[in-house]
Amino acid sequence: MVLAAGCLSASSPASKTSEPAAPPTSAAPTASGTASSDETPAGASVGRARIHVLVISDGFYPADPAFKANLTSVPANASVVLTYRDQDLNPLGKHDWTLEGVEGAQTPLVETGHEATIEFVAPLKPGEYVYYCSVPQHRGFGMEGKLTVTSPA
Ligand SMILES: [Cu+2]
């Protein structure tokens, strides 16, 4: 598991919009022996796609809370920069965004009218993952959704 811990501090997303977006040219599964996998922490992140996701919750908690996302799927192992924006019409609405079972994929609590940005590495295993608000009872009121992790292209 190459899950990148850290990056949990909601550091403001540096406005670096100059991504080379180089396609992963060396994606071939080279089974060339047992090269020491210890010395490629940098190389591992070079070819990694970087995906920006915006999730908002609006409506009025608890009557009608709902997550809405501009993206519903991300590639496996992508670096996901996720912004969660709390637009709850209930001024007391405090929520977070938590991706079940994925290390580091949880925002801090966000008050109405605010947002938080986190970065995490998408799971290696494609499939459907569930996200939700981890505040007690909120998930039961409908604050959950699905994020699909797709096979790397
Ligand atoms: Cu909530």
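# Reading the sheets, core and loops of a predicted chain

Author: In this predicted model, an open sheet of four strands has the order 2-1-4-8, and its pairing is mixed.

Reader: Why are strand 2 and strand 8 said to stand at the edges?

Author: Strand 2 (66-69) and strand 8 each have a single partner strand, so one side of each lacks a neighbour in the sheet. From one strand to the next, the twist averages 25 degrees.

Reader: What makes the pairing of this sheet mixed?

Author: The answer lies in the sense of each pair. Strand 1 and strand 4 run in the parallel sense over eight bridges. Strand 1 and strand 2, by contrast, pair in the antiparallel sense over four bridges, and strand 4 joins strand 8 in the antiparallel sense over seven bridges. With both senses present, the sheet is described as mixed.

Reader: How many bridges are required before two strands count as a pair?

Author: At least two bridges are required. Strand 1 and strand 2 have four, so they satisfy the condition.

Reader: Which residues stand opposite one another in these pairs?

Author: H52 has V81 in strand 4 as its bridge partner, and V55 is matched with A69 in strand 2. R85 stands opposite E115 in strand 8.

Reader: Which strands form the other open sheet, and in what order?

Author: Four strands form an open sheet in the order 3-10-9-6, again with mixed pairing. Strand 3 (73-75) and strand 6 (98-99) are at the edges; each has a single partner strand, so one side of each is left without a neighbour in the sheet. Within this sheet, strand 9 (residues 127-132) and strand 10 (residues 144-150) run antiparallel and are joined by six bridges. Y131, for example, has G145 in strand 10 as its bridge partner.

Reader: Is G127, in strand 9, buried or exposed?

Author: G127 has 11 other C-beta atoms within 10 Å. A residue is exposed if that count is 12 or fewer, so G127 is exposed. The C-alpha atoms of G127 and T148 are separated by 5.7 Å, although these residues are 21 residues apart along the chain.

Reader: Why is N77 called buried?

Author: The cut-off for a buried residue is 20 or more other C-beta atoms within 10 Å. N77 has 22, and therefore it is buried. N77 is found in the loop between strand 3 and strand 4.

Reader: What is noted about the backbone of N77?

Author: Phi of N77 is near 70 degrees, a positive value in a residue other than glycine. Q137 also has a positive phi, near 80 degrees, and is likewise a residue other than glycine.

Reader: Where is Q137 found, and is it buried or exposed?

Author: Q137 is found in the loop between strand 9 and strand 10. With 9 other C-beta atoms within 10 Å, Q137 is exposed.

Reader: What is noted about the peptide bond from Y61 to P62?

Author: This bond, from Y61 to P62, is cis, with omega near 5 degrees. P62 is found in the loop between strand 1 and strand 2.

Reader: Which residues touch the most other members of the largest nonpolar core?

Author: That core has 21 residues, and V55, V74, V80, L82, W97 and L147 touch the most other members. Strand 1 (50-58), strand 4 (79-86), strand 8 (115-121), strand 9 and strand 10 each supply at least two residues of this core. In soluble globular proteins, nonpolar side chains tend to be buried together.

Reader: Which residues does V55 touch, leaving aside those up to four places away in sequence?

Author: V55 touches F67, A69, L82, Y84 and W97.

Reader: What describes the chain as a whole?

Author: The chain has one helix and 10 strands, in the pattern α-β-β-β-β-β-β-β-β-β-β. Of its 153 residues, 23% are buried. Among contacts between residues at least 6 apart in sequence, 67% join residues at least 24 apart.

Reader: Where does pLDDT stay under 50?

Author: It stays under 50 over residues 1-43, for which the model has 23 contacts beyond four places in sequence. The mean pLDDT of the chain is 79, and 69% of its residues reach 70 or more. Where pLDDT is low, the predicted coordinates should not be read in detail.

How values were computed: Residues are numbered from 1 along each chain as its sequence is written. Two residues are in contact if their C-beta atoms, placed from the backbone, lie within 7 Å. A nonpolar core is a set of buried Ala, Val, Leu, Ile, Met, Phe, Trp, Tyr and Cys residues joined through C-beta atoms within 7 Å. Axes are lines fitted to C-alpha atoms, for helices over the stretch in contact, and angles run from 0 to 180 degrees between N-to-C directions. pLDDT is the predictor's confidence in each residue, from 0 to 100.
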